[in-house]
Amino acid sequence: MKKIFLLAVVASGLAFGQSKKVVASDVHWWGYKVAKSEASSHDGTVKVKSGDMVMKGNDLVGGSFVLDMTSINATDLSGEYQQKLNGHLKNGDFFEVEKFPTATFVITSVKKNSDKIYNSLVTGKLTVKGKTSAITFPAKIAYSKGVVSLVSEKFSFDRQKFDVAYKSTMQDVFVKDDIEMLVKVTAK
């Protein structure tokens, strides 16, 4: 029985490709009030807790990433205002990190893109606060000497699909639904 299981694991590895562990990442986010401007926005980072990218030959064919939502940090502020916003983002008003400490992104397909810089379109399932929705974004993917890198173009997703909503109805009207992100990940 063990031999059959081992054979199945080896065969699936050959069929699906080689997994590369994420060794570096930079995930940046932007949120805006309805009147979108630099003065009405906040931006920051969130850390990748773990992840892998699956290669088949020289092509990225899959992968998954776990975001540590407890690490969400506003970088446009400092001191007391930064602490207040970080607490606000982590509590029940937005991400509820005590209940949902992680978010995940699972790559479901990678297709060629006609853009010369962002040569691929990455599609996957994003899960935040237990809710899952498909998203697609352009990315520059490079593979050399056993190292794969993915750098997304700035893209957005609708926070309302994940129940990331300011709990005061009137206040939520002033916060734009789109959250923008830029993702850089390296795996080997």
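How many nonpolar, polar and charged residues are in the lining of the second largest pocket? The answer is 5 nonpolar, 3 polar and 3 charged. Please keep in mind that this is a predicted model. With that said, let us take a tour of its open spaces, a strand and some aromatic rings.

## The second largest pocket

This pocket holds about 160 Å³ of space. Its lining is made up of Asn58, Asp59, Leu60, Val110, Lys111, Lys112, Asn119, Ser120, Ile141, Ala142 and Tyr143. Strands β3, β4 (102-112) and β6 (131-144) each contribute at least two residues to that lining.

## The largest pocket

The largest pocket contains about 660 Å³ of space. Its lining counts 32 residues, and those nearest the centre are Trp29, Gly31, Leu85, Leu89 and Phe94. By class, 22 of the lining residues are nonpolar, 5 are polar and 5 are charged.

Which elements each supply at least two residues of this lining? They are β1 (18-33), β2 (41-56), β3 (59-74), α2 (79-90), β5 (120-128) and β9 (175-187).

## A cavity

Rolling a probe the size of a water molecule over the atoms shows where empty space is left. Here there is 1 cavity of 30 Å³ or more, and about 160 Å³ of space lies in it. Of its 14 lining residues, Phe65, Leu67, Phe105, Phe155 and Val183 lie nearest the centre.

The lining has 14 nonpolar residues, with no polar and no charged ones. At least two lining residues come from each of β3, β4, β6 and β9, and β9 gives the most, with 3 residues.

## Strand β7 and its partners

In a regular strand the side chains alternate between the two faces of the sheet. Strand β7 (residues 147-152) shows this pattern: Val148, Leu150 and Ser152 point to one face and are buried, while Val147, Ser149 and Val151 point to the other and are not buried.

On one side, β7 pairs with β6 in the antiparallel sense, over 6 bridges. The two strands form a hairpin with 2 residues between them, and Lys145 in the turn has a positive phi of about 50°. β7 also runs antiparallel to β9, to which it is joined by 4 bridges. Leu150 is a good residue to look for in both pairings: Ile141 stands opposite Leu150, and Leu150 stands opposite Val185 in β9.

## Aromatic rings

How many aromatic pairs are there? The count comes to 4. One of them is the stacked pair of Phe137 and Phe155, with 4.5 Å from centre to centre and 15° between the planes. Phe137 lies in strand β6 and Phe155 in strand β8 (residues 155-158), so this pair ties together parts that are 18 residues apart in sequence. Are these two rings buried or exposed? Phe137 is buried, with a relative accessible area of 4%, and Phe155 is buried too, at 8%.

Another pair, Phe157 and Phe162, is edge-to-face, at 5.7 Å centre to centre and 90° between the planes. Both Phe157 and Phe162 are buried. Phe65, Phe105, Phe137 and Phe155 form one aromatic cluster; among them, Phe65, Phe105 and Phe155 were already met near the centre of the cavity.

One last ring is worth a look: Lys154 lies over the face of Trp30, at 3.8 Å from the ring centre.

Terms used
Residues are numbered from 1 along each chain as its sequence is written. This is a predicted model: local features need pLDDT of at least 70, side-chain atom pairs count only at pLDDT 80 or more; totals for chains, interfaces and linings use all residues. Side-chain values use heavy atoms; hydrogens and water are left out. On a 1 Å grid over the protein atoms alone, a cavity is a set of points where a 1.4 Å probe fits but cannot get out, and a pocket is an open set with protein on both sides within 12 Å along at least five of seven lines; lining residues have an atom within 4 Å of a point. Grid points are joined across faces, edges and corners, and a volume is the space filled by probe spheres set on the points. Ala, Val, Leu, Ile, Met, Phe, Trp, Tyr, Cys and Pro count as nonpolar, Asp, Glu, Lys and Arg as charged, and the others, Gly among them, as polar. Buried means under 20% relative accessible area, exposed over 50%, partly exposed in between (1.4 Å probe, protein chains only). Two strands pair if DSSP finds at least two bridges between them. Rings of Phe, Tyr and Trp (its six-membered ring) pair if their centres lie within 6.5 Å; planes under 30 degrees apart count as stacked, over 60 as edge-to-face and the rest as tilted. A charge sits over a ring if NZ of Lys or CZ of Arg is within 6 Å of the ring centre and within 35 degrees of the ring normal.
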